[in-house]
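Please look over the structure shown below, for which a short briefing follows. The notes are grouped by topic, beginning with the strands and ending with the aromatic side chains.

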Amino acid sequence: MSAVIVSLRVAASPEEAFDIFTAEIAAWWQPSALFQLTPRGDGTLSFEEEVRLITTLPNGKVFEIGRVTAWQRGQRLAFSWRQATFTPDQITHVDVHFEAVGEETRVTVEHRGWDTIPQEHVARHGFPLAATQMRLAEYWRAQLAALSRARRSP
């Protein structure tokens, strides 16, 4: 299975980086026209009780992006990932690791499964797999950069 792996250091402890990633995702998440979660945009993301990742659209409609498969505070977060245009059997997977590196935390995102989404699918924009993965890596780099700029609420 193909995978995109992106890492970035964040000026926070692993627990704090995990909490910002999960509890404050709505504050730092950056929508992307290339990888919109729904045809109406990304909405407001949130994790529901360590069970699922959802987005709430401006009209109040809730879309389930994925189900949490691992929730280990300060260590690992994993969840399935689907865009609204995916068929029920089209699912990708995101695995996020939090590793202390001195005073910082290396946050590593591994997003797998885009090779199961056909090239002609709207979410792939007709890109071959290598180009899809390159764009997806840019997408996750931007998300992690936004995470690194986020500050934990008091």
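## Sheet, helices and aromatic pairs

β2 pairs with strand β3 (residues 52-56) in the antiparallel sense, and five bridges join the two. This is a predicted model, and the points below place that strand pair in its sheet before turning to the helices and the aromatic rings.

**The sheet**

- Within the pairing of β2 and β3, F47 stands opposite L53, the latter belonging to β3.
- The open sheet is formed by seven strands, which follow one another in the order β1-β7-β6-β5-β4-β3-β2 with antiparallel pairing.
- The edges of the sheet are occupied by β1 (3-10) and β2, each of which has a single partner strand, so that one side of each is left without a neighbour in the sheet.
- On average, and with direction ignored, neighbouring strands of this sheet are turned by 25° against each other.

**Helices on the sheet**

- Helix α1 (residues 14-23) packs on the sheet, where it touches β2, β4 (62-72), β5, β6 and β7, and the direction of α1 makes about 150° with that of β6.
- Helix α3 also packs on the sheet, in contact with β1, β5, β6 and β7, and the direction of α3 makes about 20° with that of β1.

**Aromatic pairs**

- A search of the whole structure finds 16 aromatic pairs, among them the pair of W29 and W81, which is tilted, with 6.0 Å from centre to centre and 40° between the planes.
- The pair of W29 and W81 links distant parts of the chain, since W29 lies in the loop between α2 (25-28) and β2 (44-48) whereas W81 belongs to strand β5 (residues 76-81), the two being 52 residues apart.
- W29 counts as buried at 8% relative accessibility, and W81 likewise counts as buried, at 1% relative accessibility.
- F86 and W114 form an edge-to-face aromatic pair, with 5.7 Å from centre to centre and 80° between the planes.
- F86 lies in the loop between β5 and β6 (92-101), while W114 lies in the loop between β7 (104-112) and α3 (129-149), so the pair ties together parts that are 28 residues apart in sequence.
- F86 is buried, with a relative accessible area of 4%, and W114 counts as buried at 1% relative accessibility.

Terms used:
Residues numbered from 1 in each chain as written. Predicted model: local features only at pLDDT ≥ 70, side-chain atom pairs only at ≥ 80, totals over all residues. Heavy atoms only, no water. Phe/Tyr/Trp six-rings, centres within 6.5 Å; stacked < 30°, edge-to-face > 60°. Helix = DSSP H or I, 4+ residues; strand = E, 2+ residues; numbered from the N terminus. Buried < 20%, exposed > 50% of the residue type's maximum accessible area, 1.4 Å probe, protein only. Pairing = 2+ DSSP bridges. Axes fitted to C-alpha atoms, helices over the stretch in contact; angles between N-to-C directions. Contact = heavy atoms within 4.5 Å.
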